[in-house]
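Please look over the model below. The report that follows covers confidence, fold, charged contacts and aromatic contacts.

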Amino acid sequence: MYVHDEPGELIEMEESEIIDKYEGYEYVGNVADTTKETYPKEELQATDFGKEAKVYAKDDNVIIFYHGRIFEMTKL
C-alpha cells in the first residue's frame with residue numbers, strides 16, 4: 001500500500017515531462033477503482049484519486065499523475 005503525504009509539495013507538470021524527470025518510471029495503468037474505505041483493499045484501488053489517475057512505477061517507487069500534478073507516493 002502507498003500513501004501520499006498530503007502536506008507535501010504538489011508537483012505540476014505535463015504528462016509528457018514525466019519520463020524526463022522520473023527516469024526509468026513506466027506507466028503501469030490507471031486507478032482501476034475507488035473506495036470510500038480508509039484503506040484500499042485491491043491493487044490499483046484508491047481513495048483520493050479518480051479512475052483517470054495514471055500510475056507510474058519504477059521498482060517499489062510509485063508516482064501518480066492526476067489533473068496535471070504528480071503525487072510521489074510512499075510505501076507503507
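Is E12 buried or exposed? E12 counts as exposed, because its relative accessibility is 59% and the cut-off for exposed is over 50%.

## Model and confidence

This is a predicted model. The mean pLDDT of the protein is 77. A score of at least 70 is reached by 67% of the residues.

Confidence varies by element. Strand β6 (residues 54–58) has the highest mean pLDDT, at 92. Strand β5 (residues 45–46) has the lowest, at 48. Where pLDDT is low, the predicted coordinates should not be read in detail.

## Fold and surface

The protein contains one helix and nine strands. Along the sequence the order is β-β-α-β-β-β-β-β-β-β.

The protein has 76 residues, and 33% of them count as buried. Its exposed area is about 5500 Å². Carbon and sulfur atoms supply 44% of that area. Among contacts with a separation of 6 or more, 49% join residues 24 or more positions apart.

## Salt bridges

How many salt bridges does the structure hold? It holds two. One joins the side chains of R69 and E12, with an N to O distance of 3.4 Å. R69 belongs to strand β8 (residues 69–72) and E12 to strand β2 (residues 11–12). These partners are 57 residues apart, so the bridge links distant parts of the chain. R69 is partly exposed, at a relative accessible area of 32%, whereas E12 is exposed at 59%.

The side chains of K54 and E15 also form a salt bridge, at 3.2 Å from N to O. K54 sits in strand β6, while E15 sits in the loop between β2 and α1 (18–21). The pair therefore ties together parts that are 39 residues apart in sequence. K54 is partly exposed, with a relative accessible area of 25%. E15 is partly exposed too, at 27% relative accessibility.

## Aromatic pairs

A search of the whole structure gives two aromatic pairs. Y22 and Y25 form an edge-to-face pair. Their ring centres are 5.4 Å apart, and the angle between the planes is 80°. Why does Y22 count as buried? Its relative accessibility is 7%, and the cut-off for buried is under 20%. Y25 counts as buried as well, at 14%.

Y27 and Y56 also pair edge-to-face. Here the centre-to-centre distance is 5.7 Å and the planes meet at 65°. This pair links distant parts of the chain. Y27 lies in strand β3 (residues 26–30) and Y56 in strand β6, 29 residues apart. Y27 is partly exposed, with a relative accessible area of 45%. Y56, by contrast, counts as buried at 7% relative accessibility.

## A charge over a ring

Which ring does the charged end of K21 sit over? It sits over the ring of Y22, 5.6 Å from the ring centre. Y22 thus has two contacts to inspect: the edge-to-face pair with Y25 and the charged end of K21.

## Strand β6 in view

Strand β6 recurs in these contacts. K54 of strand β6 bridges to E15. Y56 of strand β6 pairs with Y27 of strand β3. Strand β6 is also the element with the highest mean pLDDT.

How values were computed. Residues numbered from 1 in each chain as written. Heavy atoms only, no water. pLDDT = per-residue confidence, 0-100. Helix = DSSP H or I, 4+ residues; strand = E, 2+ residues; numbered from the N terminus. Phe/Tyr/Trp six-rings, centres within 6.5 Å; stacked < 30°, edge-to-face > 60°. Buried < 20%, exposed > 50% of the residue type's maximum accessible area, 1.4 Å probe, protein only. Lys NZ or Arg CZ within 6 Å of the ring centre and 35° of its normal. Contact = heavy atoms within 4.5 Å. Areas by Shrake-Rupley, 256 points an atom, 1.4 Å probe, with all protein chains shown as cover. Salt bridge = Lys/Arg side-chain N within 4 Å of Asp/Glu carboxyl O.
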